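Please explain how this chain is put together, beginning with the ligand and the residues that surround it, and then moving through the rest of the fold. A careful account for someone who works at the bench would be welcome.

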Amino acid sequence: MSAPSPSDEGRLVHLGIGNFARAHTLVATQRAGSWSVSAFTGRTAAMADALNAQSGQYGLIVRGAEDDEVSIVDVIDEVFPADDVDALVRLVADPFTAVVTLTITEKGYAAGNDPATSAPARLALGLKARREAGVTEPIALVSCDNLTGNGEVLREAVLAAADEDTRAWFEDHVDVVSSMVDRITPSADEGAADLVQERTGLADTVPVVTEPFTEWVVEDSFRGRRPEWEKAGVQFTDDLEIHELRKLRLLNGAHTLMAYAGQVAGVERVDEAIGHREVRALVEQLWSEARATLDLPAADLDAYTDALEARFRNPRLADNLIRIAADGSVKLPVRALPVIAELGGPEKAPGEVAAVAAWTAWVTDRVRAGAEVKDPRADEIATAAAIEDPTERVTALLALLDVPAGDPLVAAVVAEELRLPRP
Ligand code: CS2
């Protein structure tokens, strides 16, 4: 653990210290140098004990198509459970803190205004304390979640939970920064801990496995201090939206389609799904639709999807579809529905419709088999999926995505469910 040293330039607070942040944003922050990091867990509070027990250190396995590179990441000073509101308030109010990064997943932004359950509401309390402490330097809140305009979404969520005085103070004292992050990070496999021990000597109960590719594009709108992330290859831009849309619609969109259509077809991992003839054809179809909504040269898009295909095919990464299948009710409205709408309706976007139909078919299969569906709306999904009549069932499931009854998407999904590849 690198306790804050007098030479440190500032403190970064991270919310949601799961595998992804540990594979990506924290690695970049370590490379940027000279920053102290305090982190809060996501849902898994046990991560705090595990990391604190190993002084904040963990092993990072970068798993290429041919071999592994293993190193120790040592940038975290201390980890708190997500619900330690006092610690968060104290750290945000401290003038040494200049940046908060968030990987709280899509559902973290819609969790309401209760600090017990909502990270934006906890931040609102922290900002109130910062205002009361008279800190003048703007603090930056950097969203790193897969949402279009994630900074704007964060700003709305924090302001909705803030008191009136903090809302009035916000504009001059808080920068809300959108960013696009990308690094596929599966759950660590059973051999990961042994590999870290063997290569580095660290006895690690929470190692991270990730892919070689990494990308972070950040809006250039900091008024206060921030880590020199450019040293880690981070790009700063004034035009983030196209980066966000390209990644969400091509990478995450294909992921979502493969997660459900792959499992319905009887395979378990991403490399198997992209290698499955019919699932791959669906991915190609979805890509051609998503590309039509992206204002980028065809050659760039070709290069992007070629690179994606190679990443998906990485035979050693073992990215399980079940990981990506979580939280469909909050992912589909960001990944698939906007493309269907922009193209002018379901008949113009059969690949995106297949992603939605694969979700309805998959949750239905799961619920009927008595298996878990990980989703913030799991109870409503279970009720809807139990309905016998296909049109009523799909209507009830799509209502959870805010698709109105009678929308043409309902009939399109009912028809598409029957065409999905099965084992
Ligand atoms: C995945 C992402 O879980 C998911 O829905 O699509 O975690 C994906 O692996 C990352 O966004 C890659 O950067």
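In this predicted model, the shell around the ligand is built from both parts of the protein, since domain 1 (10–238) and domain 2 (242–419) each give at least three residues to it. The residues in question are N146, D182, R183, I184, N252, H255, R323, I324 and K331. Two helices stand out as contributors, for α9 (241–264) and α13 (321–325) each supply at least two residues of this shell. Sorted by class, the surroundings of the ligand consist of four charged, three polar and two nonpolar residues.

The two domains that share the ligand can next be considered as a pair. Their C-alpha centres, those of domain 1 and domain 2, are 28 Å apart, and the contact between them involves 18 residues of domain 1 and 21 residues of domain 2. The side of domain 1 that touches domain 2 is mixed in class, with seven nonpolar, six charged and five polar residues.

The database annotation can be set beside this division. An unreviewed UniProt entry carries the annotation "domain: Mannitol dehydrogenase N-terminal" over residues 11–231, and the same kind of record, again an unreviewed entry, places "domain: Mannitol dehydrogenase C-terminal" at residues 239–414. In the model, residues 11–231 are 34% helix and 25% strand, and the C-alpha atoms at the two ends of that span lie 17 Å apart. Residues 239–414, by contrast, are 70% helix and 0% strand, with end C-alpha atoms that are 38 Å apart.

Within the first of these spans, strand β3 (residues 58–63) contains L60. Is L60 buried or exposed? L60 counts as buried because 21 C-beta neighbours lie inside 10 Å, where 20 or more are required. Setting aside residues within four places in sequence, L60 is in contact with A23, V27, S71, V73, V208 and T210. The chain also brings V206 into this region, for although L60 and V206 are 146 residues apart along the chain, their C-alpha atoms are separated by 9.6 Å.

A different situation is found at S34, which sits in the loop between α2 (25–32) and β2 (35–40). S34 is exposed because it has 12 other C-beta atoms within 10 Å, and the limit for an exposed residue is 12 or fewer. The backbone at S34 also deserves attention, as its phi is positive, about 60°, although the residue is not a glycine.

Helix α5 (residues 119–132) has 14 residues, and the distance from its first C-alpha to its last is 20 Å, close to the 20 Å expected at 1.5 Å a residue. The helix is mostly covered, with eleven of its 14 residues buried; among them are the adjoining residues A119, P120 and A121, as well as K128 and R130. Just after α5, G134 adopts a positive phi of about 75°.

Turning to the second span, one may look at L294, which lies in the loop between α11 (277–291) and α12 (298–313). L294 is partly exposed because 16 other C-beta atoms are found within 10 Å, a count that falls between the limits of 12 and 20. Beyond its neighbours within four places in sequence, L294 is in contact with L245, R246, R249 and L301. In addition, the C-alpha atoms of L294 and I242 are separated by 7.3 Å, although these residues are 52 residues apart along the chain.

Further along, the loop between α12 and α13 holds A318. This alanine has a phi near 50°, a positive value in a residue other than glycine, and A318 is partly exposed, with 17 other C-beta atoms within 10 Å.

The last stop is V394, in helix α18 (residues 390–399). V394 is buried because it has 28 other C-beta atoms within 10 Å. Not counting residues up to four places away in sequence, V394 touches T360, V410, V413 and V414. V394 and A357, which are 37 residues apart in sequence, lie 8.7 Å apart in space, C-alpha to C-alpha.

Terms used
Residues are numbered from 1 along each chain as its sequence is written. This is a predicted model: local features need pLDDT of at least 70, side-chain atom pairs count only at pLDDT 80 or more; totals for chains, interfaces and linings use all residues. UniProt positions are given in the numbering used here, feature names are shortened, and annotations may be inferred rather than shown by experiment. Helices (H or I, at least four residues) and strands (E, at least two) are DSSP runs, numbered from the N terminus. A residue is near a molecule or strand if its C-beta atom, placed from the backbone, lies within 6 Å of it. Ala, Val, Leu, Ile, Met, Phe, Trp, Tyr, Cys and Pro count as nonpolar, Asp, Glu, Lys and Arg as charged, and the others, Gly among them, as polar. Domain bounds come from an automatic or database domain assignment. The expected span of a helix is 1.5 Å times one less than its number of residues. Two residues are in contact if their C-beta atoms, placed from the backbone, lie within 7 Å.
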